[in-house]
Amino acid sequence: MVDLATILAGLGDAFTLSNILFVLAGVVLGQFVGAMPGSSQEMTIAIAIPFTLVFTPLSAIGFLIGVNKGGLVGGAIPAILINMPGTPDASATALDGYPMTQKGKPIKALKMALYSSVTGDTFSDLVLITVAAPLAVVALKMGPVEIFALIIMAFALISGLIGGSVTKGIIATVFGLLISTVGLDPEHSTPRFLFGFPDLYSGFPISSVAIGSLAVSVIIARLANMSGGMRPALHIPRDQTADQKRVSLAEYLACRFVLLRGALIGVGIGIVPGIGSTAAAFMSYASTKQAAKDPESFGKGDIRGIAATESANSAVGGASLIPLLTLGIPGSVSAALLIGAFLIHGLQPGPLLFEQQGRLVYGLFGAMIIANACNLVFGLVGLRLWSRLITAPESIVFASGLVLCIVGVYLSTGGIFGVYVMLIFAALGMAMNALNYPVVIFVIAYFLGPRFELSLGQTATILRGDVTNLTNHPVAIVLLLMSAFSVFWLGIRPALKANKRKVSANSSDPLD
Amino acid sequence: MTFERIVTGGILAFGLTFLFLVMPQQVETVSYGRVVPSTLPGALLWIITIAAAVQMVTLKDDADFNTVVVIRAVGLLALMVAAVWSMDRLYFEYVAPVLALILMLFMGERRWYWLLLGGVAIPLGIWLLVERILDRTLA
């Protein structure tokens with residue numbers, strides 16, 4: 001048990017001027033990189049780790065935590081302003097963020113994203129600081145069967161986003177899963193669908209698939225649709241009222257349950273290693289839409305949509321550190337990179353970390369709180385700057401965006417092959433958009449695919465092929481029942497309602 | 001036959017081709033384990049095939065296309081492929097400004113100061129940041 005003196009000493013270490021400046025520098029860099037389509041905070045952390053060798057351990061980890069948290073806020077900026085999500089998490093934010101921009105409320109959308117992100121992040125940090133150890137034990141009890149059921153539930157919740165055509169939604173989901181089977185199979189490590197390309201042994205690079213189908217496809221489609229005349233990438237009306245630019249306290253408080261639900265989903269997903277913030281963002285969005293009295297307003301610029309996705313994806317960040325700090329298991333790519341940074345600085349994450357390095361751990365918690373405050377303050381300054389930059393001509397914004405996508409994917413995949421893959425998925429994304437196949441669902445399925453197949457194999461082995469053995473896994477049964485309910489509530493019920501409305505509209509039409 | 005029905009037919013053909021021709025060639029046969037390498041892709045290909053068949057029957061509307069836009073999009077993609085191919089053979093710092101300039105001119109940008117900023121300053125700034133400051137190579 002860590003004593004109070006150690007906790008206070010750790011927090012005291014964090015709140016020194018030099019440490020605050022390191023965290024602030026990390027946040028600024030993270031927000032900047034997060035706002036660049038094609039870049040990611042994971043890539044920045046990976047690049048920054050060697051530079052932190054000369055820092056003290058707390059400054060180094062604080063700086064990297066700042067990069068991570070800043071990136072979560074920055075990722076929403078291009079998604080909201082130009083519908084160009086740099087990361088898959090942000091694609092959920094774009095669903096309502098970009099329509100708000102089109103309605104002339106980009107500043108308001110950005111502010112809501114910032115407040116929601118900081119709220120979700122702070123909530124998960126508080127969970128981490130107060131109940132990390134017991135939660136880690138719960139996470140440890142989530143075996144392959146429970147994780148498999150959780151992934152099924154993620155798919156079930158996401159079914160609410162399928163859109164108009166169920167068959168198109170199914171084809172997009174299944175195609176995403178199919179693409180994820182390229183490479184070595186998780187159980188036997190035999191190659192699949194390589195077609196003579198050894199680069200495919202580890203599958204299609206995640207960044208190539210996500211950035212190609214979500215960002216590059218959108219830019220190219222927009223360029224192809226341009227009909228002459230240079231316009232700013234974003235037009236913000238000059239005569240905006242204060243209400244159009246700010247998020248009032250009443251609006252923020254009206255979203256309190258949405259924010260809380262998002263944060264809880266984010267924490268729940270974050271403590272389970274390997275699922276990730278993209279699934280959390282979409283699960284939160286789908287459940288908020290499901291709970292709303294006016295679900296039809298979502299996708300048309302509903303501020304609750306932004307609150308739901310940003311609170312959830314940011315809450316994953318803090319929660320993913322719970323298994324990292326207490327068990328030494330990374331819950332996300334960023335957490336895996338942070339493990340590397342911990343080891344470089346002579347720290348061994350795991351059950352003994354609190355005992356042996358209690359002061360440093362509480363220093364880290366202090367740095368996380370500072371990072372949240374910096375995120376809020378710098379975010380408010382930064383979003384004005386970003387919204388100004390984005391009012392530059394489309395020619396500059398989109399040409400630079402495409403060059404950045406190439407550079408980002410080249411660096412994250414370590415070669416030109418990943419860039420070619422990005423272009424293939426850009427073409428696929430454009431075709432899917434043109435034919436109304438849900439690209440976002442395709443990408444989420446691709447992300448969840450490897451974990452899904454691994455859990456499927458492990459579950460089949462644990463249950464020995466007998467479904468009745470599922471009775472030994474009550475948590476999995478609850479999750480599967482919730483999945484069935486979600487499919488009915490989100491998928492079948494709206495379709496039945498729409499049919500009913502159609503029938504009643506037809507019968508009330510005197511011409512029929 | 002509508003364009004969308006043709007595309008759906010293509011998806012159906014893709015499912016069947018992969019199921020019966022490609023998968024036996026590209027996925028190794030393993031005789032042990034409950035989930036073998038072909039289990040998941042096989043199941044997924046069946047679902048794609050069935051979903052496409054259902055869609056073929058139930059399709060009502062056709063996709064709305066503008067041929068000029070499609071040609072422009074294909075041209076832009078071809079330009080990107082050519083640029084990436086060139087980057088692999090020449091240097092990023094030579095190809096990226098040319099790509100950015102072509103894209104800006106394609107969009108109708110003619111103001112020299114914006115062309116200078118977007119076509120020269122930004123690509124070279126990225127190159128300086130990545131290659132010189134971060135010490136990472138760009139092709």
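Let me begin at the end of one helix in chain A, where α20(A) is followed by A:G414, a residue whose phi is positive, near 75°. Please keep in mind throughout that this is a predicted model, and that every value I quote is computed from it.

Staying with that helix, α20 of chain A covers residues 394–413, and its length can be checked in a simple way. At 1.5 Å a residue, its 20 residues should span 28 Å, and since the end C-alpha atoms are 28 Å apart, the expectation and the model agree. As for its surroundings, 19 of the 20 residues of α20(A) are buried, so the helix is largely enclosed by the rest of the structure. One residue to look at here is A:V409, which lies in α20 and counts as buried because it has 31 C-beta neighbours inside 10 Å, where 20 would be enough. The C-alpha atom of A:V409 is separated by 9.6 Å from that of A:Y420, which is 11 residues away along the chain.

Let me now step back to chain A as a whole. It contains 23 helices and two strands, and of its 512 residues, 60% count as buried. If we take the contacts in chain A with a separation of 6 or more, 81% of them are between residues 24 or more positions apart. An example of two residues that are distant in sequence is the pair A:W489 and A:L157, which are 332 residues apart along the chain while their C-alpha atoms are 9.3 Å apart in space. A:W489 has its place in helix α23, residues 474–508 of chain A, and it is partly exposed, with 18 other C-beta atoms within 10 Å, which falls short of the 20 needed to be called buried.

Another helix of chain A with a high share of buried residues is α8, which is mostly covered, with 14 of its 15 residues buried. The same kind of length check applies to this helix, residues 144–158: its 15 residues should span 21 Å at 1.5 Å a residue, and the end C-alpha atoms are indeed 21 Å apart.

How do helices α10 and α22 of chain A cross? Their axes come within 10 Å and cross at roughly 175°, and because an angle over 145 degrees counts as roughly antiparallel, that is how the two helices are described. On the α10(A) side the contact is made by A:I206, A:V209, A:A210, A:S213 and A:L214, and on the α22(A) side by A:V439, A:F442, A:V443, A:Y446 and A:F447. By type, the residues of this contact divide into nine nonpolar, one polar and no charged.

Two loop residues of chain A deserve a closer look at the backbone. Most residues other than glycine have a negative phi. A:S189, however, is not a glycine and has a positive phi of about 55°; it sits in the loop between β1 (183–184) and β2 (191–192) of chain A, and it is exposed, with 10 other C-beta atoms within 10 Å. A:F195 is also not a glycine and has a positive phi of about 50°. A:F195 is found in the loop between β2 and α10 of chain A, and it is exposed, with 9 other C-beta atoms within 10 Å.

That brings me to chain B, which is divided into domain 1 (1–65) and domain 2 (66–139), with the C-alpha centres of the two domains lying 37 Å apart. What does the contact between the chains take from each of them? There are 53 residues from chain B and 54 residues from chain A. On the chain B side, the elements that give two or more residues are α1 (3–26), α2 (39–58), α3 (67–89), α4 (92–106) and α5 (112–133), and the residues of that side divide into 41 nonpolar, five polar and seven charged.

I will finish with one of those helices, α2 of chain B, whose 20 residues should span 28 Å at 1.5 Å a residue, in agreement with end C-alpha atoms that are 29 Å apart. Several of its residues are buried, among them B:L40, B:L44, B:I48 and B:A52. What covers the buried residues of α2(B) includes α9 (166–180), β2 and α22 of chain A, together with α1 of chain B.

How values were computed:
Residues are numbered from 1 along each chain as its sequence is written. Chains are lettered from A and ligands numbered from 1 in the order in which they are written. This is a predicted model: local features need pLDDT of at least 70, side-chain atom pairs count only at pLDDT 80 or more; totals for chains, interfaces and linings use all residues. Helices (H or I, at least four residues) and strands (E, at least two) are DSSP runs, numbered from the N terminus. A residue is buried if 20 or more other C-beta atoms lie within 10 Å of its own, exposed if 12 or fewer, and partly exposed in between; C-beta atoms are placed from the backbone. Two residues are in contact if their C-beta atoms, placed from the backbone, lie within 7 Å. The expected span of a helix is 1.5 Å times one less than its number of residues. Axes are lines fitted to C-alpha atoms, for helices over the stretch in contact, and angles run from 0 to 180 degrees between N-to-C directions. Angles under 35 degrees count as roughly parallel, over 145 as roughly antiparallel, 65 to 115 as roughly perpendicular and the rest as oblique. Ala, Val, Leu, Ile, Met, Phe, Trp, Tyr, Cys and Pro count as nonpolar, Asp, Glu, Lys and Arg as charged, and the others, Gly among them, as polar. Domain bounds come from an automatic or database domain assignment.
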